[in-house]
Amino acid sequence: MTQTDELVAAYLARVERAASRLPAGRREELIGDLREHIEIARAESGAESEADVRTILERLGDPESIVAAADTQTDLPRVTAPALYPTAPPMPAAPPHRPVSRTALWAGIAVAAAAVVIFFCFAAFAAVRDDQGPAERPIAPVETAEAPPSVGP
Amino acid sequence: MGVTDEAALTTALRRGTIEYCVLALLDKRELYGVELVHQLSNGLGMTTSEGTMYPLLSRLRRNGRIATTWREAPAGPPRRYYTLTADGEAALTHFRTEWVTFRSGVDRILGTES
């Protein structure tokens, strides 16, 4: 193993350690992709100097950041896939439910308020009729009492 | 603005867009990993985080937006080429429309219309 090979091996070992939290399949795929990248980039740069390899590894970046990127990429499908497939029905179903129940709540309140208003209206109307009832009767006799004099002359 | 804030801002801006940059590059022609990653990192100023693109490529492959195919190279080891699938092409077309609308809205609000 040459010194540049050791650099690469050490780098990949760091990625592997950082990637221990990833599912095995993802981890192996990531390491395979990076190994392939390094191999091709080394073959293309022609020169096999340590500086070349260091440049390749520096461009790849910090193993921890790469694994952090893998974390977000494993999270994304978990978020989007449920939204598209299994959890999708409950998710969109929930928001429509809430407005419906809220509407029902408001409708209930409105009906209750209307019932109270109607009740008081009836009560007030009944009270007015009770008040007017006796009042009308005296007026009517008064009118009839006044009418004869106006008709008289 | 601190370095960390700036990095977080750049990361946030890239988050929703970089995968469509991948699709757009592959729409022009198929590319193998090193080429694709170099074009992206040079185009987006990510020359020290090329490795972070492989998890993205992996997801795009899982989601069927891109595919890979091995080809012999004139020199050196065979290259694994990334290609755009029909799904990827549809996603790219859709994003282009969304992007223009989104960008103009942001530009109008920010006062950065050209």
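How many salt bridges are there between chain B and chain A? The count is 6. Keep in mind as you click around that this is a predicted model.

**Stop 1: the interface.** Colour the two chains separately and look at where they meet. Chain B and chain A bury about 2000 Å² between them, with 53% of that on carbon and sulfur atoms. Chain B puts 25 residues into the contact and chain A puts in 23. Now turn on polar contacts across the interface of chain B and chain A: 12 residue pairs turn up, both partners at pLDDT 80 or more. On the chain B side, helix H3 (33-44), helix H4 (53-62) and strand S3 (79-84) each supply at least two of the residues that touch chain A. The largest share of that side, 7 residues, comes from H4(B).

**Stop 2: a cross-chain pair.** Select A:Asp33 and B:Arg61. They form a salt bridge, with the closest N and O atoms 3.7 Å apart.

**Stop 3: the loop between H3 and H4 of chain B.** Pick B:Ser49, which sits in this loop. B:Ser49 has a relative accessible area of 18%, so it counts as buried. Show what surrounds B:Ser49, skipping neighbours within four places in sequence, and you'll find it in contact with A:Arg59 and A:Leu60.

**Stop 4: B:Glu19 and its two arginines.** The structure holds 16 salt bridges over all chains, and here are two inside chain B. B:Glu19 meets B:Arg59 at 2.8 Å, N to O. B:Glu19 is in helix H2 (residues 18-28) and B:Arg59 in helix H4 of chain B, so this pair ties together parts 40 residues apart in sequence. B:Glu19 is buried at 9% relative accessibility, and B:Arg59 is buried at 6%. Next, add B:Arg65: B:Glu19 forms a salt bridge with this residue too, the closest N and O atoms being 3.3 Å apart. B:Arg65 lies in the loop between H4 and strand S2 (66-71) of chain B, so here the parts tied together are 46 residues apart. B:Arg65 is partly exposed, at 24%.

**Stop 5: B:Arg29 with B:Glu35.** Their side chains meet in a salt bridge of 3.3 Å, N to O. B:Arg29 is partly exposed at 45%, whereas B:Glu35 is buried at 18%. Then select A:Glu29, A:Asp33, A:Glu36, B:Arg61 and B:Arg80, which salt bridges with shared partners join into one network.

**Stop 6: a nonpolar patch.** Finish with the surface on, and select B:Trp99, B:Val100, B:Phe102, B:Val106 and B:Leu110: together they make a nonpolar patch of about 460 Å². B:Val100 belongs to helix H5 (residues 86-110) of chain B and is partly exposed, at 41% relative accessibility.

Methods: Residues numbered from 1 in each chain as written. Chains lettered and ligands numbered in written order. Predicted model: local features only at pLDDT ≥ 70, side-chain atom pairs only at ≥ 80, totals over all residues. Heavy atoms only, no water. Patch = residues over 30% accessible without salt bridge, like charges linked within 9 Å, V, L, I, M, F, W, Y side chains within 5 Å. Areas by Shrake-Rupley, 256 points an atom, 1.4 Å probe, with all protein chains shown as cover. Salt bridge = Lys/Arg side-chain N within 4 Å of Asp/Glu carboxyl O. Helix = DSSP H or I, 4+ residues; strand = E, 2+ residues; numbered from the N terminus. Buried < 20%, exposed > 50% of the residue type's maximum accessible area, 1.4 Å probe, protein only. Contact = heavy atoms within 4.5 Å. Buried area = accessible area lost by both parts, 1.4 Å probe. Polar contact = N/O pair within 3.5 Å; in protein donor to acceptor, adjacent residues only side chain to side chain.
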